[in-house]
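Me: I am new to this structure. Please take me through the reasoning behind the labels.

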Amino acid sequence: MTDKETHLANLEQIQKDALAALADVADADALEAWRVAHLGRSSAVMGVFSSMGTLDKELRPLMGKTANEVRQALEGALEEKRQLMEADALKQALETEKLDVTLPGRPVTRGRLHPLTQVLRRIIQIFGDMGFQVYPSPEVETDDYNFTYLNMPPYHPARDMWDTFYTKQEGVLLRTHTSPGQIRVMRARAPEPIRVILPGATMRYEQLSARSEIEFAQVEVLVVGERVSFAELKGTLDDFARRLFGEEARTRLRPSHFPFTEPSAEFDVGCFVCEGEGCPVCKETGWLEILGCGMVHPVVLEYGGYDPAVYSGFAAGMGIDRSTLMRYRIDDIRHFRNNDVRFLRQF
Ligand code: PHE
């Protein structure tokens with residue numbers, strides 16, 4: 001064998017050995033080890049390049065060219081192997097991690113509206129169907145709007161029924177009912193006829209009650225126009241009660257007193273918790289008072305900018321908590337603000 005033949009055979013062997021070793025490579029680590037061993041600086045092909053100087057001059061071009069071809073062949077084989085292995089890995093992943101789109105999904109826990117919110121929305125919807133608008137009014141009020149304009153001048157004893165929280169600012173307080181909103185709508189609308197409800201938070205200083213009773217929600221109802229009658233008040237409330245509580249709802253009006261209505265009444269619904277038999281919710285009476293109402297007092301109409309000789313109106317103010325008790329037949333008002341999900345989940 002000539003020198004040339006020996007060197008070429010050597011290169012051929014290098015390539016054969018490397019490719020044979022590559023065939024056994026099974027994972028990424030082994031592939032990297034193979035690259036270092038067969039293409040790295042101390043690999044056999046690279047050895048051929050660095051020993052080029054020891055070769056005969058006329059052999060060098062051919063040997064250089066051939067060694068280059070071997071290196072390129074090995075690099076090509078490496079790349080091919082790498083792609084093959086990636087494709088295999090993907091195929092395997094697709095098989096083992098197969099996605100079954102027909103499996104039931106993981107349940108998502110969904111929140112829901114608080115029963116008080118649901119009933120408030122229902123109340124708004126019912127009055128909306130009857131042609132009422134929702135009129136927003138402030139929760140922080142002046143003494144004048146909360147009391148004086150509602151026919152309770154300073155030092156009037158009726159103010160005691162609505163003790164409240166006063167602010168450091170003289171004459172500014174947290175409203176004890178939604179009724180001051182009556183004056184605000186009237187002043188904004190006079191002399192136009194009015195048919196609105198005013199929902200919102202109200203606050204009272206209740207020394208003996210649980211904390212939850214300090215703040216509660218009310219919905220005020222106000223109708224003002226020419227020849228608005230008590231019969232319309234009764235009809236509106238009866239209709240409302242049947243829509244909120246169901247056709248079987250029993251209702252009654254009881255004479256009462258409010259400084260801002262004359263005559264005044266309280267509106268009761270037959271207790272749904274005990275079906276009228278008597279229970280703690282209705283204090284054994286079979287009836288639950290859900291709102292106060294009456295014909296708007298002439299003094300109030302005047303403060304609102306309406307001439308009581310021409311205009312009349314009716315007003316009502318209801319607590320949402322009690323209506324919610326009745327609507328869902330709940331036996332204790334304290335459940336509403338306990339935030340017990342087992343309770344809330346039922347609505
Ligand atoms: N504002 C009264 C209350 O909170 C309820 C009411 C409103 C009574 C409108 C009559 C007319 O007790």
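Reply: This is a predicted model, and the ligand and a pocket come up in turn.

Me: What makes Ser 179 a polar contact of the ligand?

Reply: The cut-off is 3.5 Å between N or O atoms. A polar side-chain atom of Ser 179 lies 2.9 Å from a ligand nitrogen. That is within the cut-off, so the pair counts as a polar contact.

Me: How do you know that Arg 204 and Gln 218 belong in that class?

Reply: The test is again 3.5 Å. For Arg 204, a side-chain N or O atom is 2.8 Å from an oxygen atom of the ligand. For Gln 218, the value is 3.0 Å, also to a ligand oxygen. Both pairs therefore pass.

Me: How much of the ligand does the protein bury?

Reply: Taken alone, the ligand exposes 320 Å². The protein buries 93% of that.

Me: Which elements give two or more residues to the shell around the ligand?

Reply: They are strand 5 (215-225), strand 8 (287-296) and strand 9 (312-319). Strand 9 gives the most, with 3 residues.

Me: What kinds of residue make up that shell?

Reply: It divides into 6 nonpolar, 7 polar and 2 charged. His 177 and Gly 317 are among the closest residues. Gly counts as polar by the rule used, so Gly 317 goes in the polar group.

Me: Why is Phe 314 called a lining residue of the second largest pocket?

Reply: A lining residue has an atom within 4 Å of a pocket point. Phe 314 is listed in that lining, so it has such an atom. The pocket holds about 190 Å³ of space. Strand 4 (194-203) and helix 8 (230-245) each supply at least two lining residues.

Note on methods: Residues are numbered from 1 along each chain as its sequence is written. This is a predicted model: local features need pLDDT of at least 70, side-chain atom pairs count only at pLDDT 80 or more; totals for chains, interfaces and linings use all residues. Side-chain values use heavy atoms; hydrogens and water are left out. A residue is near a molecule or strand if one of its heavy atoms lies within 4 Å of it. A polar contact is a pair of N or O atoms within 3.5 Å; within protein, one must be able to donate a hydrogen and the other to accept it, and residues adjacent in sequence count only if both atoms are side-chain atoms. Accessible areas come from the Shrake-Rupley method with a 1.4 Å probe; for residues, only the protein chains shown count as cover. Helices (H or I, at least four residues) and strands (E, at least two) are DSSP runs, numbered from the N terminus. On a 1 Å grid over the protein atoms alone, a cavity is a set of points where a 1.4 Å probe fits but cannot get out, and a pocket is an open set with protein on both sides within 12 Å along at least five of seven lines; lining residues have an atom within 4 Å of a point. Grid points are joined across faces, edges and corners, and a volume is the space filled by probe spheres set on the points.
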